[in-house]
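This report is for a reader meeting the structure for the first time. Please look over the sequence and the model before reading on.

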Amino acid sequence: MDTEEKGVILQRFAANCRKLQIDSDIWEHATTMFHKLNADGALSSEADDWLCCAVYSELQQTKMKDMRQEQDSKDNDVESHAEAEKAPRSQSWNMSLTKVLSCFGMNIGKFFKRMEHWNCMAKNSSVFQQEIIELNRRLGITLLLLQHYKRIFRQLYVQPEGPESRAHYQMIYEFGWLLFLVVRNELPPFATSNLINGCQVLICALELVYVNALEVRNSDIINTNFPGLPAKWRNSDFDNEMLNKFSAIDAICQLLPELPQKGARIMKNAFFHKAMMSLFMDQRLLGNDRYMRELIKDGLLEINLCSLNRSYKQHVNDISEMDERVLLKHKEHKETTKLNNGENKCNGGNDISNLSQLLSLELPKALPSCVSNFLEQDEIKLLHKTLRDMCHKLERAAQLTKQTAECRFQLASGLYYMLLEQIAEAELRRNPTFQIVTMLITARSCFNASLIACCLQLVLHLFDDGDNTTLQFPWLLDGFAIDAFDFQKIIELVVRHASDLLPRDLIKHLREVEDECLSSLIWRKKSPLWRLKGELPSYRSVQLSVSNGQENAAIAPSAVVICLRKFYMLAQQRLNYLCKGLSLLGSYSTIWHLVEHSIVAHGVALLQERHLDQLLICAIYLCERKSQQPISFSTILQQYRRQPHARSVFYRSVHLGDGDDPIDIIGFYNRVYVGLMAEYARKLHCEQPLEERALQNLSNNTVQRLKSNGNNTNVYVSREALPRICMSEDCGENSQNEKNLHINVNLNLKRAPSNQDLNTSKPFPPSRKRPNILRRLPRSPDSGGHRTDIESEGEC
């Protein structure tokens with residue numbers, strides 16, 4: 001190996017280590033060990049593979065060293081233990097083996113062969129060598145179990161035709177395998193150490209998911225020819241409660257004749273059931289924990305799938321295991337498309353079907369004529385330069401290869417041309433005198449940069465593998481200095497004019513990004529919304545503006561109205577969800593008045609640099625505190641965490657002010673919120689009735705029948721109705737009951753200054769997982785060796 005080639009390999013190795021955020025001393029030690037063992041040049045021909053083994057070995061040796069030091073400190077006195085806690089620890093070895101191999105482009109089979117030789121050459125400890133052997137053996141068992149899983153799954157379900165049903169089928173497919181992996185990690189080693197026991201756990205997981213899938217009425221993914229199907233399941237009057245005690249374990253066991261049915265039943269009753277209860281207790285699964293049902297219906301499948309993915313990813317990072325979720329994929333996703341008279345390969349990440357659909361559209365390669373005809377040549381060059389510069393900045397941040405970068409630039413630019421054409425044509429149809437030059441070129445206009453950023457966000461989502469969190473939204477806004485208010489305007493236009501062209505998942509992603517903008521990012525300190533004269537508009541005034549026809553997102557005053565209308569709608573939806581779950585729909589109007597008053601009257605003090613959810617949580621607590629039937633913050637947060645968008649950081653870390661450290665939601669309520677809202681809350685009295693009929697409409701989606709021409713009847717499923725908002729401006733007067741006014745005035749609305757509702761002092765139950773020398777250290781030296789409840793809550 002000549003000096004130049006050696007330098008290239010080491011530079012590539014260093015770049016991979018930086019991408020994995022590995023501490024420099026770890027990969028430098030790995031480089032030193034590689035040079036020591038390669039003194040005769042025997043490893044030079046496959047240096048990349050050996051360097052991957054070297055850095056993985058060094059990562060695990062560092063972890064084992066830190067764990068031994070911690071154990072030694074625990075065996076000594078308290079003072080030495082405290083000093084050990086303060087000692088610096090490596091923060092970079094908590095990652096899955098899959099992530100390391102993916103970054104270095106190394107095959108798992110080759111890795112185990114190389115590691116066997118590396119352990120011998122490096123004379124690694126016998127404990128570490130045994131861990132590698134065990135990991136290889138366990139992976140071999142998992143591959144056999146995967147073949148059984150695929151075969152049995154195809155006999156329980158049928159792949160449907162419609163796109164929504166296919167998506168549901170795929171989620172069930174992933175959920176069953178993921179549930180098996182998570183439950184297996186909860187069980188003691190002797191219950192999962194061989195193929196027979198592994199098959200028993202797999203059968204239990206398949207049976208549980210199958211019975212839960214039967215709760216979805218009229219599901220078209222169920223194989224009705226499977227002998228284990230309940231006798232009357234296809235009948236319209238089938239009662240789902242019959243499934244609570246229904247078992248298909250024997251019928252599914254017959255699909256694996258070599259497996260004794262008695263053993264599977266013992267596994268289910270003795271081990272599997274206890275592991276499932278642990279998942280319910282930790283809120284890693286939501287549903288009916290008594291019967292282990294309702295895991296799939298009513299939208300809980302997506303939430304539970306997200307929760308289990310989060311739990312499993314944490315597990316494989318903790319012990320640096322192979323991420324066995326990737327085994328479910330039939331093949332590595334790759335797409336090839338012709339770009340610039342050549343062929344480039346784009347490695348798909350998040351959803352290859354979306355990428356295929358986009359490529360099938362034959363995305364344009366130049367500005368549409370409806371735009372270029374109105375522009376001068378220098379203006380066209382300026383647009384191209386902006387597009388190229390923004391794409392290059394993203395490419396550098398993502399550390400893409402030249403080939404991959406060019407592929408993604410072509411995809412982003414094709415999206416840009418397509419969306420620009422759709423928006424421009426729509427605006428010209430609406431207003432033939434519309435000035436495209438003003439929209440695209442004017443110095444103060446950020447339309448063009450925001451549209452390009454939107455396209456780049458779609459590309460990031462398409463290739464997102466979940467590992468590079470630094471590029472997750474809102475990185476684009478910060479990286480290109482784009483205001484969230486301007487960005488959500490672009491999303492509105494894209495969804496309105498291109499929803500028929502973009503795949504459904506991309507539209508869903510844009511809606512999620514829009515919600516993030518509306519709930520927090522548009523309320524940053526420098527947002528243009530704070531430059532509005534006077535108070536923020538109320539819900540009533542926004543609705544009146546909409547009624548007067550201000551619906552054009554490209555016009556500044558209308559853009560504010562549309563933005564605030566969507567913001568208030570988002571607030572209603574989230575408040576409705578919380579009130580339903582807490583059985584507080586009867587107080588909805590009062591709580592809404594509190595929410596609206598906090599926004600309109602105290603927007604700067606309460607909403608600036610904060611999150612909508614924080615105001616909703618505080619309004620619910622304040623309302624119930626006022627009613628002298630207070631509900632605990634713990635109960636509110638428990639319901640809040642059930643929402644897919646919920647993040648623990650929203651209630652653990654609330655902005656307090658310039659220069660002050662963030663505080664939790666209870667501290668914010670006591671120190672800021674209640675002082676501004678107490679007087680209004682005491683005087684608030686809303687008399688809007690909430691009819692029993694309206695409450696019934698809120699419980700579930702309702703099927704309505706619309707008659708046309710007196711003969712034909714069309715049936716459709718309506719969107720869930722929201723409670724009617726009280727539009728009265730006099731509810732804050734409380735003039736009806738003057739006799740009780742002094743009681744309201746003297747009512748203490750402040751929360752006691754303890755943190756008990758957040759359970760921050762309650763230790764997490766000791767882990768029941770199998771012991772492993774490569775387990776991760778506790779993240780916080782203040783946690784006393786246990787995770788607290790608030791630390792154990794994951795994020796979706």
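## A glycine in helix 6

Is Gly109 buried, partly exposed or exposed? The model is a predicted one, and in it Gly109 has a relative accessible area of 31%. Gly109 therefore counts as partly exposed, since that class runs between 20% and 50%.

Gly109 belongs to helix 6, which covers residues 108–122. Asn136 is 27 residues away from Gly109 along the chain, and the C-alpha atoms of the two are separated by 8.8 Å.

## The chain as a whole

The protein chain has 796 residues, and 49% of them count as buried. It holds 32 helices and four strands.

Contacts in the chain can also be sorted by separation in sequence. Of those between residues at least 6 apart, 73% join residues at least 24 apart.

## Cavities

A search of the whole structure for cavities of 30 Å³ or more gives three. The largest cavity has a volume of about 90 Å³. Its lining is made up of Cys391, Leu394, Glu395, Ala398, Leu400, Ala405, Arg408, Phe409, Ala412, Leu456, Val459 and Leu460. Three elements give two or more residues each to this lining: helix 15 (377–398), helix 16 (402–430) and helix 18 (447–462).

How many residues of the lining of the largest cavity are nonpolar, and how many are charged? Ten are nonpolar and two are charged, while no polar residue takes part.

## Cysteines 17 and 103

A disulfide is a covalent bond between the sulfur atoms of two cysteines. The count of disulfides in this model is zero. For Cys17, the nearest cysteine sulfur is that of Cys103, 7.7 Å away. The cut-off for a disulfide is 2.5 Å, so Cys17 is in none. Seen from the other side, Cys103 has the sulfur of Cys17 as its nearest cysteine sulfur, again at 7.7 Å, and Cys103 is in no disulfide either.

Both cysteines can be placed by their accessibility. Cys17 counts as buried because its relative accessibility is 0%. Cys103 has a relative accessibility of 18%, which is under the 20% limit, so Cys103 counts as buried too.

## Asp486 in helix 20

Asp486 lies in helix 20, residues 484–498. At 16% relative accessibility, Asp486 is under the 20% limit and so counts as buried.

Which residues are in contact with Asp486, leaving aside its neighbours within four places in sequence? They are Cys446 and Ser450. Cys446 is 40 residues from Asp486 along the chain, with 7.3 Å between their C-alpha atoms.

## Helix 24 and helix 26

Ser598 is part of helix 24, residues 588–600. Its relative accessible area is 0%, so Ser598 is buried. Setting aside residues up to four places away in sequence, Ser598 touches Gly603, Leu606, Leu615, Tyr673 and Met677.

Helix 26 takes in residues 612–626. The end C-alpha atoms of this helix are 21 Å apart. Why does this agree with the expected span? The expected span is 1.5 Å times one less than the number of residues, so the 15 residues of helix 26 should span 21 Å. Helix 26 is mostly covered, with 14 of its 15 residues buried. Gln628, which follows helix 26, has a positive phi, near 60°.

Notes. Residues are numbered from 1 along each chain as its sequence is written. This is a predicted model: local features need pLDDT of at least 70, side-chain atom pairs count only at pLDDT 80 or more; totals for chains, interfaces and linings use all residues. Side-chain values use heavy atoms; hydrogens and water are left out. On a 1 Å grid over the protein atoms alone, a cavity is a set of points where a 1.4 Å probe fits but cannot get out, and a pocket is an open set with protein on both sides within 12 Å along at least five of seven lines; lining residues have an atom within 4 Å of a point. Grid points are joined across faces, edges and corners, and a volume is the space filled by probe spheres set on the points. Ala, Val, Leu, Ile, Met, Phe, Trp, Tyr, Cys and Pro count as nonpolar, Asp, Glu, Lys and Arg as charged, and the others, Gly among them, as polar. Buried means under 20% relative accessible area, exposed over 50%, partly exposed in between (1.4 Å probe, protein chains only). Contact means heavy atoms within 4.5 Å.
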